[in-house]
Amino acid sequence: MDDILNGLSIILIFSGLIFFMGASVGLMRFPDFYTRMHAAGKGDTLSTILITAGMAAQVLSHFDLVNLFVAIKIIAIAVLIMLTSPTSTHLLMKAGYDDGIDPVTSSGKGGIIDLGGPFIKRIQSDDGESKVKKKSSSKKKSATRKNSV
Amino acid sequence: MYRTLIFSLLLITWIILSGFLDAFHVGLGVLSCFFVTWLSSDLLFSNRSLRFDNRLKQACRLPLYLLWLLWQIVLANIHVLRISFSPRMREQIQPQIVRFRSGLKSDFEKYVLAQSITLTPGTVTLQIEGDVFLVHAISDVAAKGLMGSMADRVRHVFSTD
Amino acid sequence: MEIALMGAGICLFLMMIPIMCRIIIGPTAIDRIVAVNVIGTKTAVLLIIIGALFDNVSMFVDFAIAYAALNFLGSLAASRYFNRTRPAYGKGSSMEVKGS
């Protein structure tokens, strides 16, 4: 049993290290701020979850009540980081966007592409005229932008 | 009812974080959890009009969603790993900012959808205004995949029937 | 097992070096904040590994929780700071279509 948990923890820790390597190389190589945030936000979350899970398995290999509490605390760290890391990614990215950092886009400089939405028809019929007009104008914009590509 | 729930949640957190089970520490925990519940129990669970069995159903559906999300996180990391080690990276990524309507109502649903978008492959939420999501996508494929089933999943998890 | 944990800790530390380079060369201030955020998260993980090496995980895990929470608060405060100072330059709502 101990050997199984130890082996599992080593596998988890080293797969977490591989994903963290992806994050750090991506943070170095990606071309602009926004794409670097992709690497930071995602690689950070999964590698932390994997390494902390590995450490929890490692702690649980000597099983008693104190170690059980410690393992639950380690899992609590993983949950905390899984909740907070996307939030801080989102906030920092919003700060950068408000700051006026221009994203490197494939379609012209900094344009927003409108996808509409799966429920756009229902929303239009709910909200009446004004939103329809607004939506159609922005759709025109996105159409011209797509043509310019 | 909600006060009891919040009190027990706080007490469980206290016991896990303190790690002692003797009478003195647990007594302190009960005292402080009671104080916090009495003072600020209206911060959690904003929609109090929901029936309690609905909450129970939502609580049962959330772990399944979290498992699916964990699988998506693994896929996202493999995606990042593959892009960041590929020698011709600039041809593989087409970064773009897209915007779409989700049709979700409550703040917590929007929060869950924003977290999920951030953790799934190739997309990061930039901003939410009303129910319009502004999303940075790393490639065309990721931007198209955004319109898939995720908002439906979130709506299913938090549906009130 | 000790050797594996030691190796994992050293690998974790070595992989922080490219991120530190990003702190030094990062073109904008927010790049640097992101890198500091990533390093902070990984430091919380490194604290657990150090605790396991010293055979005292139950003490170090509390430090790790506090470090992770403070790291989140720090990046939150930094992003708030940038949000608050910049709109004085007269760019309207960030939801507007840029460049049109």
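**Notebook: strands, domains and one unusual loop residue**

I began with chain B, where strand S2 (residues 123-129) and strand S3 pair in the antiparallel sense over 6 bridges. Two strands count as paired if DSSP finds at least two bridges between them. Strands (E, at least two residues) and helices (H or I, at least four) are DSSP runs, numbered from the N terminus.

I noted the ground rules next. This is a predicted model, in which local features need pLDDT of at least 70, side-chain atom pairs count only at pLDDT 80 or more, and totals for chains, interfaces and linings use all residues. Residues are numbered from 1 along each chain as its sequence is written, while chains are lettered from A and ligands numbered from 1 in the order in which they are written.

**Chain B, the sheet**

I looked up a bridge between S2(B) and S3(B): B:Ile128 has B:Phe133 as its partner in S3(B). The two strands form a hairpin with 2 residues between them. In that turn I found B:Gly130, with a positive phi of about 65°.

I then followed S3(B), residues 132-137, to strand S1(B), residues 96-101. These two run antiparallel and are joined by 6 bridges. B:Val98 has its bridge partner in S3(B), namely B:Val135.

**Chain B, the domains**

I checked the domain assignment. It gives domain 1 (2-43) and domain 2 (52-157) in chain B. Such bounds come from an automatic or database domain assignment. The C-alpha centres of the two domains lie 34 Å apart.

**Chain C**

I counted 3 helices and 0 strands in chain C. The order from the N terminus is α-α-α. Of its 100 residues, 32% count as buried. Buried means 20 or more other C-beta atoms within 10 Å of the residue's own, exposed means 12 or fewer, and partly exposed is in between, with C-beta atoms placed from the backbone.

I stopped at C:Asp55, in the loop between helix H2 (29-53) and helix H3 (57-85) of chain C. Is C:Asp55 buried or exposed? C:Asp55 is exposed, because it has 8 other C-beta atoms within 10 Å. Its phi is near 60°, a positive value in a residue other than glycine. Most residues other than glycine have a negative phi.

**Chain A**

I closed with A:Leu83, which lies in helix H3 (residues 65-99) of chain A. A:Leu83 has 13 C-beta neighbours inside 10 Å, so it counts as partly exposed. I also compared its position with A:Gly22: the two are 61 residues apart in sequence and 21 Å apart in space, C-alpha to C-alpha.
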